[in-house]
Amino acid sequence: MIENAKHLREHALELGMRQAKGPRTRILVSMGTCGIAADTEPVLAALREEISRRDLQDVFEVVETGCMGLCHSEPSIEVVDGVEGTMTLYGNVVPGQAAAIIEAGPYEAAGVEVLERTWYCPENEENTNGALQARVVLRNSGRIDPENLDSYLIAGGYQGLARALTEMSPEEVGGEVRESGLRGRGGGGFPTGMKWGFAAARKARDKFVVCNADEGDPGAFMDRAVLEGDPHCVLEAMAIAGYAVGASQGIIYIRAEYPLAIKRLRKAIEQARENGFLGSGIMGGKFSFDIDIKYGAGAFVCGEETALIHSIEGHRGEPTFKPPFPAVSGLWKAPTVVNNVETFANVPAIIRRGADWFKQIGLPECTGTKVFALAGKVSKVGLVEVPMGATLHDIVYGVGGGIRDGREFKAVQTGGPSGGCLKADHLQTPITYETLRALDSMMGSGGMIVMDSDDCMVNVAKFFLDFTLDESCGKCTPCRIGNKRLHEMLTEVCAGRGTQETLAKLKNLSHTIKDTALCGLGQTSPNPVLSTMLQFEDEYREHIEDKKCRAGVCRHLISYVINDDCVGCTLCARNCPVDCISGQRREKHEIDQDKCIKCGVCHSLCKFHAIDKR
Amino acid sequence: MTKNRVRPTGPIGSDGVINQEPKKRQELADYMSGLNLGDDRDRNRGFLIQCLHKAQELFGYLPESVQLFVADRLGLHLSEVYGVISFYSYFTTVPVGRYRINVCMGTACFVRGADRVLEEFKRHLGIDDGETSENGKFSLGGLRCVGACSLAPVVMVNDKVYGNVAPDKVPDIINDCQ
């Protein structure tokens, strides 16, 4: 049992030494859900087999880690050699390359793709020249074995909690977080220290600390990566929060769709209890804190804190009016602190290294980092963490390596269904909560979808409304019916039946919903419409006036026509799902426009570029 | 997601599924008696969602007799339990197919053509989003982001992930379900 901060540091040092005396080369294999989906398991098996075949168990150790964030190059592995001090990142590894990797050991293996290291920058390499990322939240993800407590302890784990319990008063812990300037990473950006302060000031028998892990933004998966890659860090942060506000019970509310994260969390909670980091009398002191897991059941609105609380209480996850805020009256009417996973993941590092260290990262008015799930038409899809105030250009062109297939950047969508689109004019805008809000978008949980000229912005707005319609809880009228009407109007525009009046109504109704909906989901749901109308007004006009979709996405506004390059190979006719293509062999074919469902199969199959999309 | 909400005819709980499978019934009862249930009805309600998860895990879906079983043991009304079930998309009151085909509807998959893939599945299987085929073989649905955005568009069949799915790959995926 660890007794105090000093004891913990000595213990971690001893564990580190023991690890250093073990196998000299550690092979880290990225085994998040996404890595497993990208077929990493066979690679892992091949590496293990190669090591045992050569009888090199004393030299190599294979470690299954969480997500490294290198989605564009999964399966990815990292070879860390303790003697030479080398660290090599390999991407797109196949089982057949295992022998070459083992053979090369600390050196770069021939014939295997080596990834630039500047792309990837964990905490212990924070001063690396040319580093594109700054990793605080993801400091351990992809670096440690999430199912091994010792691995977390070697990386400085639980030292924040130890410092808080043995060297600081609860007020000082809250003060340190307030001083750091940390704000809620779930989207709203509310100052975390202030939220804790409200709960701490309440006198109550019970208080709760709730971790919101109901990540529902379609296109964001940073919380899952943290839970899968570094579960102890969330537990540590919740215990610190419990100490600061005077709560003894924590609850993690997690999506049932994250089985691997749940499994690793359960294991971590057990380990933490066994080693005295959770339970009664933590580290031999007076403070007691324990954590329970509650499952979500697939409702986006449960990411809203009052809805989440109702869901934990076993009700339908419908939001209620604020105030009272949960910090005053939350779960079972007790003061409740609700923070999301990413926010919590910052806390141990802040307490361990101090608010001053944290404030150096990012901008003075907006400190720290933000994790983005960078996806869409960008070359290097991945989970990236950048300092606050990084520009869109830094993210898309720096970290993301530019647009796929050398195409032109059109827009980036942030904030998911509550956010909006930024265009090329905004590439140099520093990303903060305020700058995004000024552009009718928002930080949101951090999905960042890059779009090129093949994406129709009207259709994108419609996609997000589709999502909102599906997920609206139906409690308040503006959201339940207003969004339905917005969706209908957008459908009209996409079908070429919109008028100028439709545009005016769209704008008007959007503002009404924003002003009158009950919760955050409803109030932000028209953002995708408003921001695309603001940034891409010309595209809306084209749909209405010219009946044209320049991206060639809106089906009613495009047609497929066979040109003179057709050689009559019949490939299109044989594959047309509705048999609307006719023509003799070796003669030009024709498409029956009335029957065509515009699926685009012919267009993508034709080897002679003989099918035009108009 | 559209859901089949038509109530089976007959008295409440007359589907009798809970009694047709005594082993599962026992397991559910054991699970629930292992919970820290007390006299406070409101606190007991806090266990409802996890009980429903357990029940769905055991029975595959939540027919009325199972709902009634859970409601009785927690001291809740059937209507309260049903209200929760109908709110959350994870719960289903009708049996799902042996092959659950889910097309990822995350934004990254969407911009890379997931809606067309879903359309193809609907056309080939002759069922709509949220429905199960008559022979009980296939269910079709959308899925929220699975975080495999680099493989977009993504289709999941039970636990298997198919990446980079173009509409013309749809028949191959259906053929794989044997």
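**Exercise 1. Find how many disulfides the structure holds over all chains, and say why A:C576 and A:C580 do or do not form one.**

Step 1: A disulfide is a pair of cysteine sulfur atoms within 2.5 Å. Step 2: Over all chains, the count is 0. Step 3: For A:C576, the closest cysteine sulfur belongs to A:C580, and because the two sulfurs are 3.8 Å apart, they are too far for a bond. Step 4: A:C576 has a relative accessible area of 11% and is buried (buried means under 20% relative accessible area, exposed over 50%, partly exposed in between, with a 1.4 Å probe and protein chains only).

A note before going on: this is a predicted model, where local features need pLDDT of at least 70, side-chain atom pairs count only at pLDDT 80 or more, and totals for chains, interfaces and linings use all residues. Residues are numbered from 1 along each chain as its sequence is written, chains are lettered from A and ligands numbered from 1 in the order in which they are written, and side-chain values use heavy atoms, leaving out hydrogens and water.

**Exercise 2. Work out which residues touch the most other members of the largest nonpolar core.**

Step 1: A nonpolar core is a set of buried Ala, Val, Leu, Ile, Met, Phe, Trp, Tyr and Cys residues joined through side-chain atoms within 4.5 Å. Step 2: Among its 119 residues, the answer is A:Y158, A:W196, A:L235 and A:I254. Step 3: Helix α10 of chain A (residues 231-245) gives the most, 11 residues (helices are DSSP runs of H or I, at least four residues, numbered from the N terminus). Step 4: Another core, of 48 residues, lies apart from it and includes A:A307 and B:I18.

Definitions and conventions
Helix = DSSP H or I, 4+ residues; strand = E, 2+ residues; numbered from the N terminus.
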